[in-house]
Every structure is written in C-alpha cells, then in structure tokens.
There are 2 protein chains.
Amino acid sequence: MTVSRALRDPDKVSVKTLNKIMAVVDRLGYVPDPAASALAAGKTNVIGVIVPSVTNNVFSDVMRGIYEQAEGSKWQIQLGNSRYSPIEEENLVRTFLSQKPAGLILSGLDQSEVTASLLKSADCRILQIMECGPDPYDMMIGFSHVEASMAATRHLLEAGYRKPGYIAARLDPRSQRRLQGFQNVAEEAGVFSASRVVTTPRPSTVTLGGELVADLLSKAPETDAILCNNDDLALGALFECQRRGLKIPEEFGICGFNDLEMMAAANPSITSVRTFRLDMGREAMRWMRNALSGIEPEEQVIDLSYQVIPRQSTARRARG
Amino acid sequence: MTVSRALRDPDKVSVKTLNKIMAVVDRLGYVPDPAASALAAGKTNVIGVIVPSVTNNVFSDVMRGIYEQAEGSKWQIQLGNSRYSPIEEENLVRTFLSQKPAGLILSGLDQSEVTASLLKSADCRILQIMECGPDPYDMMIGFSHVEASMAATRHLLEAGYRKPGYIAARLDPRSQRRLQGFQNVAEEAGVFSASRVVTTPRPSTVTLGGELVADLLSKAPETDAILCNNDDLALGALFECQRRGLKIPEEFGICGFNDLEMMAAANPSITSVRTFRLDMGREAMRWMRNALSGIEPEEQVIDLSYQVIPRQSTARRARG
DNA sequence: AATGAAAATGATAGCGCTAACATTTGTCAA
DNA sequence: TTGACAAATGTTAGCGCTATCATTTTCATT
C-alpha cells in the first residue's frame with residue numbers, strides 16, 4: 001500500500017521510505033500495471049481524443065498541441081478517427097467511455113443524438129474543440145467559423161472585388177458555416193450569386209482546388225475573386241489561375257482559410273484567415289489537465305478568434 | 001463464464017444461449033470492462049503505434065492507412081509521438097509495453113540501444129515501418145531510402161542536369177540516407193559538390209524550401225537542379241525560383257520526395273519520388289492483424305519500393 | 001515524561017473479468 | 001437402451017492494483 005502511495009503521490013510518504021522504495025523500484029525495474037490500477041480505481045489516466053481526420057493539416061496541428069501538453073504528464077492520449085462520420089464518432093465515444101477515461105476531447109458541435117446523450121451522462125470531463133457555440137456539454141474551445149468567413153468576405157469586398165465566389169469540398173458542418181458566413185456578407189452587400197458557389201462532397205485536395213475554379217469560371221466567368229473553404233483549395237486555385245494566365249490579384253483575387261504555413265511562401269503569397277490550431281490543441285489539453293486537477297476555468301467557452309492575413313493574392317488596391 | 005465466452009468467441013456457445021445472452025446484453029446495455037479483461041487475461045487488444053511526427057504529411061498518410069485497417073476490428077490503436085527523439089521513443093516504448101500490448105508498430109531502423117533491448121525481450125509482435133533494412137526485430141515494411149534517392153538523382157542526370165544540388169531540413173536517419181543516395185550517384189557521375197548540399201536542423205516547411213534554395217544559389221550559383229529531401233521544400237523551392245525569374249525546367253530543375261498530391265497540381269507540375277505511404281499503413285496493419293491471428297507471412301521484410309514520377313519541373317529534355 | 005493530534009504506514013477486501021479445470025448435456029453407434 | 005465421447009456450461013481462484021479503515025509512529029505541547 002505504501003508503495004502504491006509512493007508512486008502515485010510521493011508527498012504522502014516520508015522521505016526515508018520514499019527513497020527506499022525508489023531504490024527497489026529501480027533495481028527491480030518495476031512498472032505498475034495500468035490495467036490493474038484501472039480496475040481497482042475504477043478510472044484511468046486516459047484522455048480520449050476524437051478527430052474527423054488524421055491527415056488534414058488542421059487536425060494534425062491541433063493534435064500536435066495536444067500531444068505536446070500531454071507529454072510528460074500522467075495523462076495518456078488515446079486518438080480516434082471518426083472520418084467525418086457521426087456514426088463512427090458514436091462508436092468511438094462508446095468504446096472510449098467503456099475505458100472509463102478521465103476526459104474526452106471531441107470536435108465540433110454536431111454530435112448525433114445518441115452521442116449527445118452518451119456524453120451528457122458520461123462520468124468524465126468533456127471538451128469540445130474546433131468551434132465555439134452555445135450549450136457546451138462541459139468545456140469548449142474554438143472560434144466562430146461564421147464570423148471568420150464573414151471577415152474574409154468583407155476583406156474581399158474592401159479590396160474592391162465585386163463578383164466573389166466560393167469553392168468548397170467535403171461540406172462538414174464547419175465548412176457549411178463558413179459558406180453561410182460568406183453568403184451573409186455577400187448578400188448584405190448585394191453581390192451574392194448562387195452560381196458562384198461551387199461545392200463537392202469529395203475530400204479536398206490541391207488538385208481539386210484547380211478543378212473547382214475551372215468549374216466556377218465556366219459557370220460564372222464574371223467571377224473576380226474566390227473565398228476558398230481551405231488553403232489546399234486556395235493553392236490549387238492559384239495554380240489553375242496561373243495556368244490560365246489570369247493576373248492575380250488584378251483580375252482575380254484568392255483567399256484561403258486556416259493560413260497554413262505555405263500561404264505566406266507562395267508566389268504570389270496568398271491571403272488567408274489565420275486560425276490558431278496549435279494553440280487550440282495546447283490550450284485544450286492544458287485546460288483539460290487543469291480541470292482534472294480540480295482547477296476550474298472561469299468560463300465554459302473560450303473563443304480563440306481568428307485573423308485575416310492580407311497578402312498579395314487579394315492586393316487589388318495598393319498593398320504589399 | 002458463458003457470457004464471457006459468448007462475447008469473445010460466439011462459436012463456442014450454442015445458438016440458443018447466444019441469443020438469450022445477446023438479448024440481455026442489449027437490454028442492459030452491457031459493455032465489458034477492458035481493464036478487467038486486460039488484468040485477467042494478462043494481455044490487451046492494444047496495438048501501439050509510435051511515429052516521429054503527427055503533423056508531417058508522410059506519417060499522417062501512414063496513420064490513415066493504419067486506422068483504416070484497424071477500424072471495425074477488435075484491435076485498438078494507441079498512438080505515440082516521439083517527436084524525432086530517440087529518448088522520447090524509448091519512454092513511449094516503455095509506457096506501451098507496460099500496457100501489455102498485442103503489438104507495437106514503430107518507425108525506422110534507428111532505435112536506441114535500450115529501446116532495442118526492450119523490444120527484443122518484449123512479449124508482443126513488433127513491426128517496423130517506413131524503411132527496409134537488415135535485421136528486423138520481427139516484421140518490417142517500407143522501402144530503401146538510399147535507392148529511392150539514387151533513382152531520383154539518376155533521373156536528374158538523365159534529364160541533362162550537370163550541377164545538381166541537394167536541400168534538406170531536419171536530418172532524421174531517413175533523410176540522411178536519402179542524402180547519401182544522392183551523393184552516391186552524383187559522385188559516381190563525377191558531378192558531386194559538397195557546396196551544393198544545403199541542410200538545416202530546422203523542421204521542414206515550404207518557406208524553408210525557399211530559404212534553402214536562396215542559400216544554395218548564393219553559395220553555388222552554378223547549380224542547375226536540386227533534389228529536395230521532401231515535397232514541402234520542393235514547393236518552396238519552386239516559388240523561390242519563380243520569384244527570381246528562373247526558368248523551370250530549362251534553367252533549373254526541381255525534384256521532390258514523397259509525391260504528395262500537390263506535386264501534380266503545381267504549375268509547373270513538380271517531379272517527385274512517389275512513396276506508398278497509405279499502402280504502407282494499410283499493409284502494416286493488415287500484416288499485424290494476420291500475425292496476431294496466427295497467420296504468418298512468408299518473408300520478414302516487405303519492400304514496397306518507390307517510383308520516380310517525372311513531371312514538368314525536370315523536363316529539360318522534351319517531356320510533358 | 002505524559003498527552004493528544006497529525007502523519008505515516010499497514011491490513012483487508014474487492015474491482016470485473018478469464019484460465020483452467022470440473023461437471024452436465026447432447027449425440028451417435030452398438 | 002446403453003456407453004463413449006464431444007459439445008456446452010459451470011465452478012473456482014486469482015490477475016495487480018487501490019479505497020477504506022485500522023493501527024502505529026512522530027512530534028509538538030504541557
């Protein structure tokens with residue numbers, strides 16, 4: 001019993017015995033069995049993380065932040081990939097909950113009803129990431145996708161573009177909200193046209209960005225700028241415009257979303273909406289750790305906001 | 001006991017009892033406790049996966065393949081991020097082994113001595129991915145990085161380039177072997193010059209690709225082509241060359257490594273060495289599953305090879 | 001030195017499964 | 001119908017920890 005205490009909470013054991021115990025632990029190479037611990041304690045050190053994609057740069061940045069803050073702590077990350085499917089998400093939540101995790105981190109606001117009820121009755125902390133919205137299960141950290149794309153659209157209008165279009169692939173709930181933000185601002189400015197919105201259920205790639213722009217320009221040749229649902233599409237759009245000899249930013253403006261590192265390196269550099277993905281992962285894990293140590297936050301929702309980064313690709317009116 | 005059997009191995013139970021059991025399981029929403037199972041059985045359904053990076057596209061493709069093949073099976077993936085550090089890898093191996101995993105998938109050939117001895121005495125299947133080499137601990141699937149970069153270098157020479165350079169960031173062991181492959185072929189052809197090799201310990205980014213090319217061209221202005229250690233660098237190199245007004249492929253050839261999807265979409269499209277990352281992940285997990293079901297492979301090492309994909313960026317001599 | 005309270009340590013039971021073996025039931029040939 | 005054997009089911013013990021409570025030690029205070 002004293003050994004168990006020494007290993008889990010050294011302060012509860014006298015220095016003398018602690019040293020003795022540690023010496024023996026080292027000599028024997030003893031490592032506690034987490035399964036036995038989990039069984040006896042009825043809980044684990046596992047924090048489940050469910051993301052819709054492991055390949056998407058956005059989520060890998062978030063994961064990096066999470067892993068960074070988990071490293072060295074007693075918390076173990078268990079990663080699940082829901083592949084944008086609410087049903088797979090539901091299964092993962094079920095599997096994770098059966099492991100009696102200390103916490104669960106999952107993406108977005110749009111869980112299935114069953115998932116929602118599982119989460120509500122779950123005996124662990126729940127943290128939603130990627131998005132801000134009302135009614136968190138417990139904790140929530142992210143930003144408003146609607147507002148972010150509204151800001152980007154306003155930027156296009158301020159730069160002097162008057163026939164803006166929107167391209168998007170795989171419309172997950174967050175993408176839909178971004179499209180909504182675009183539509184909100186464009187409609188209010190009286191420059192919205194449904195024929196300048198091109199979407200596809202296919203997963204987004206750079207190549208697809210080119211194809212969507214080609215599609216858009218054949219349907220609505222008047223288009224003078226596009227807001228892209230993400231940076232891969234924006235890069236593909238840039239290449240396609242270059243192949244067509246379209247002058248960027250004079251004849252055509254391009255704005256991405258997320259501000260991946262390559263946006264600044266491109267030629268011309270590409271305007272994008274910066275999102276704080278690494279911070280989101282870091283803060284999420286830090287928050288979870290605190291909550292699990294009894295340090296409660298003041299707010300239930302943290303909004304990390306976003307930042308439009310204007311670059312050459314939309315500098316129609318004099319700008320770097 | 002019969003319930004336990006029914007849930008783990010339904011064939012061992014009569015159809016009648018099985019139905020009765022399942023009905024009750026459904027009604028009660030019973031879910032077995034994996035911790036208790038692990039403790040009693042002395043083993044788990046966990047397959048540990050250790051990768052050096054969760055952000056790098058290469059590894060995320062591999063992970064996608066692994067998750068894809070794990071999905072729906074009884075095997076649980078537990079992901080660890082060693083961040084290119086042999087010490088963190090060692091810690092992760094220790095942590096994973098304490099969980100009595102069924103298998104362990106890890107990257108490369110270059111484990112620390114301690115890690116190696118842990119693995120050798122481990123009571124689980126070991127699968128090395130990313131690279132082929134001699135002396136697998138158990139199973140191994142990947143390709144030869146030396147040969148792949150040798151082929152790429154030969155391609156540059158065949159395209160007519162005579163002053164090839166090499167740029168690389170963060171020289172992990174695989175990158176070093178790629179550089180070695182470049183050097184092998186370049187030296188044999190009598191076109192190697194150490195001044196045309198530029199490396200940095202910083203992690204690779206698109207921006208860095210541009211900086212490395214700038215660096216290279218200031219040190220060795222005669223350089224007429226580069227082999228890039230990966231595609232991010234190649235893309236950055238392309239942008240930087242465009243900014244300098246260098247004609248690609250006529251004045252300067254660019255070849256990447258891995259053939260990320262964006263290489264084909266770029267303008268001009270960028271030559272690269274295709275590696276079969278998704279397949280590697282899939283086959284790794286499939287192989288592991290088979291091995292754990294007693295189906296042993298014929299070989300201990302599977303070489304997935306590679307493929308040079310010539311594109312516009314190196315088409316100095318008439319080519320697409 | 002005696003006292004009491006806090007700190008440290010120890011004894012006991014049990015978490016929910018499964019391995020191993022024991023027993024019961026079913027099946028088929030003689 | 002019986003016996004022999006296989007299939008199905010049941011019994012028992014224990015995996016390695018931790019919660020809980022009991023006991024012992026420590027130490028400041030009188």
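## Predicted model of two protein chains with two DNA strands

DNA strand D is surrounded by 18 residues, and the closest of them are Ser4(A), Ala36(A), Ala40(A), Met1(B) and Thr17(B). Two or more residues of the surface near this strand come from each of α1 (2-8) and α3 of chain A and from α3 (34-41) of chain B. Helix α3(A) gives the largest share, five residues. The model is a predicted one, and the values below are computed from it.

DNA strand C has 19 residues around it, with Met1(A), Thr17(A), Ser4(B), Ala36(B) and Ala40(B) as the closest. Here the elements that give two or more residues are α2 (15-28) and α3 of chain A, together with α1 (2-8) and α3 of chain B. The largest share of the surface near DNA strand C, five residues, is from α3(B). The table sets out the make-up of the two DNA-facing surfaces and of the side of chain A that touches chain B.

| Surface | Nonpolar | Polar | Charged |
|---|---|---|---|
| Near DNA strand D | ten residues | five residues | three residues |
| Near DNA strand C | ten residues | five residues | four residues |
| Side of chain A that touches chain B | 17 residues | 13 residues | four residues |

### The pair of chains

Chain A is superposed on chain B by a rotation of 180 degrees with 0.0 Å of shift along the axis, at an RMSD of 0.1 Å. The two copies are therefore related as by a two-fold rotation axis. Among the residues of chain A, Ala35(A) comes closest to this axis, its C-alpha atom lying at 2.3 Å. Both copies use the same surface for the contact, since 100% of the contact residues of chain A recur in chain B.

Each side of the contact can be counted: 34 residues come from chain A and 34 residues from chain B. On the side of chain A that touches chain B, at least two residues are supplied by each of α3 (34-41), α4 (57-70), β2 (76-81), α9 (206-219), α10 (231-243) and α11 (262-265). Helix α3(A) is thus named twice, as one of the elements on the side that touches chain B and as the source of the largest share of the surface near DNA strand D.

### Chain A

Chain A holds twelve helices and twelve strands. Its C-alpha trace spans about 80 × 40 × 35 Å along the principal axes. Of the 320 residues in chain A, 47% are buried. Contacts in chain A between residues at least 6 apart in sequence join residues at least 24 apart in 72% of cases.

An open sheet of six strands is present in chain A, with the order β2-β1-β3-β4-β5-β11 and parallel pairing. Strands β2 and β11 (301-303) of chain A are at its edges, each with a single partner strand, so one side of each has no neighbour in the sheet. On average, neighbouring strands of this sheet are turned by 15 degrees against each other, direction ignored. Strand β5 (residues 139-142) of chain A runs parallel to β11(A) and is joined to it by three bridges. Gly142(A) stands opposite Asp303(A) in β11(A). Helix α5 (residues 86-98) of chain A packs on the sheet and touches β1 (46-51), β2 and β3 (103-107) of chain A. The direction of α5(A) makes about 175 degrees with that of β1(A).

### Chain B

In chain B, six strands form an open sheet in the order β2-β1-β3-β4-β5-β11, and the pairing is parallel. Strands β2 (76-81) and β11 (301-303) of chain B each have a single partner strand, so they stand at the edges with one side left without a neighbour in the sheet. Neighbouring strands of this sheet are turned by 15 degrees against each other on average, direction ignored. Strand β5 (residues 139-142) of chain B and β11(B) run parallel and are joined by three bridges. Ile141(B) has Ile302(B) as its bridge partner in β11(B).

Leu278(B) is located in helix α12 (residues 277-292) of chain B. Leu278(B) counts as partly exposed because 16 other C-beta atoms lie within 10 Å, whereas a buried residue needs 20 or more. Apart from its neighbours within four places in sequence, Leu278(B) is in contact with Asp61(B), Arg64(B) and Gly65(B). The C-alpha atoms of Leu278(B) and Val58(B) are separated by 8.8 Å, although the two residues are 220 residues apart along the chain.

Definitions and conventions
Residues are numbered from 1 along each chain as its sequence is written. Chains are lettered from A and ligands numbered from 1 in the order in which they are written. This is a predicted model: local features need pLDDT of at least 70, side-chain atom pairs count only at pLDDT 80 or more; totals for chains, interfaces and linings use all residues. Two strands pair if DSSP finds at least two bridges between them. Helices (H or I, at least four residues) and strands (E, at least two) are DSSP runs, numbered from the N terminus. Axes are lines fitted to C-alpha atoms, for helices over the stretch in contact, and angles run from 0 to 180 degrees between N-to-C directions. Copies are superposed by least squares on the C-alpha atoms of residues with pLDDT of at least 70 in both. Two residues are in contact if their C-beta atoms, placed from the backbone, lie within 7 Å. Ala, Val, Leu, Ile, Met, Phe, Trp, Tyr, Cys and Pro count as nonpolar, Asp, Glu, Lys and Arg as charged, and the others, Gly among them, as polar. A residue is near a molecule or strand if its C-beta atom, placed from the backbone, lies within 6 Å of it. A residue is buried if 20 or more other C-beta atoms lie within 10 Å of its own, exposed if 12 or fewer, and partly exposed in between; C-beta atoms are placed from the backbone.
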